[in-house]
Amino acid sequence: ETVVAPTTSLKSLLLGEYALFWTGCNAHFVFGLCGFAVTLGIDVWLGVGGAAGRAVACGVSSAVLLMISIVNTAVTSGDTAVGGSVLSIFFKYGSLLLSAMWNEGRILVFASFALAVAAAILAVNAVMGDHTQD
């Protein structure tokens, strides 16, 4: 069992001792919510195509932007200590992960970062690069 020093509130506990876990929960929730909506939109767009597919793509894009707007409103209301937008949640999460990786020697976090960087490079190459090597 983990022993934690007494705090004055749940908020100070979540933003102090458990900042990595709380910020990670928020970041993964936002990423998963938007990713799920985009995946559904792409599936319908590719399956239906044409005018109906474009209409669904616009509707899903509208929903994703609304979700991000709602999260931005919550972040700027002062309920969290991550900054002023959805992007600040991801930057805070990244910095906490890097800190845990370097300060606590978490090998799996390092491996996760390395694979994320590799995935980003491969995605950019797939979109922008030469397709003759496939």
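A salt bridge, as I use the term in this notebook, is a side-chain nitrogen of Lys or Arg within 4 Å of a carboxyl oxygen of Asp or Glu. I also note at the start that this is a predicted model.

**Entry 1: the salt bridge**

With that definition in hand, I looked for such pairs and found that the structure holds one salt bridge. The partners are Glu104 and Arg106, whose side chains meet with 2.8 Å from N to O. I then looked up how far each partner is open to the outside. Glu104 has 51% relative accessibility and so counts as exposed, because the cut-off for that word is over 50%. Arg106, with a relative accessible area of 30%, is partly exposed. Between the two partners I came to Gly105, which follows α4 and has a positive phi, near 65°.

**Entry 2: helix α4**

Next I went back along helix α4, which covers residues 86–104. I checked its length and found that its 19 residues reach 27 Å from the first C-alpha to the last, close to the 27 Å expected at 1.5 Å a residue. Which residues of α4 are buried? I listed Val86, Ser88, Ile89, Tyr93, Gly94, Leu96, Leu97, Ala100 and Met101. When I asked what covers these buried residues, the answer included α2, α3 and α5, the last of these being residues 107–128.

**Entry 3: a nonpolar patch on the surface**

I then turned to the surface, where Phe31, Leu87, Phe90 and Phe91 make a nonpolar patch of about 480 Å². Which helix gives the most to this patch? I found that it is α4, with three residues. I picked out Phe90, which lies in helix α4, and noted that at 31% relative accessibility Phe90 counts as partly exposed.

**Entry 4: helix α2**

Helix α2 runs through residues 19–48, and I made the length check here as well. At 1.5 Å a residue its 30 residues should span 44 Å, and the end C-alpha atoms are 43 Å apart, which agrees. For the buried residues of α2 I wrote down Ala19, Leu20, Thr23, Gly24, Ala27, Val30, Cys34, Ala37 and Gly41. Their cover includes α1 (10–15), α3 (50–76) and α4. Just after α2 I came to Gly49, which takes a positive phi of about 70°.

**Entry 5: Thr23 in more detail**

From the buried residues of α2 I chose Thr23, and I asked why it is called buried. Its relative accessibility is 3%, so Thr23 counts as buried, the cut-off being under 20%. I also followed its side chain, which reaches the backbone oxygen of Ala19 at 2.8 Å, and I noted that Ala19 is itself listed among the buried residues of α2.

**Entry 6: two exposed residues and two distances**

Last, I looked up Leu10, which lies in helix α1. Is Leu10 buried or exposed? With a relative accessible area of 58%, Leu10 is exposed. Leu10 and Val71 are 61 residues apart along the chain, and I found their C-alpha atoms separated by 20 Å. I then took Arg54 in helix α3, which at 52% relative accessibility counts as exposed. Arg54 and Val44 are 10 residues apart along the chain, and the separation of their C-alpha atoms is 9.3 Å.

Conventions: Residues numbered from 1 in each chain as written. Predicted model: local features only at pLDDT ≥ 70, side-chain atom pairs only at ≥ 80, totals over all residues. Heavy atoms only, no water. Helix = DSSP H or I, 4+ residues; strand = E, 2+ residues; numbered from the N terminus. Buried < 20%, exposed > 50% of the residue type's maximum accessible area, 1.4 Å probe, protein only. Polar contact = N/O pair within 3.5 Å; in protein donor to acceptor, adjacent residues only side chain to side chain. Patch = residues over 30% accessible without salt bridge, like charges linked within 9 Å, V, L, I, M, F, W, Y side chains within 5 Å. Areas by Shrake-Rupley, 256 points an atom, 1.4 Å probe, with all protein chains shown as cover. Expected span 1.5 Å × (residues − 1). Contact = heavy atoms within 4.5 Å.
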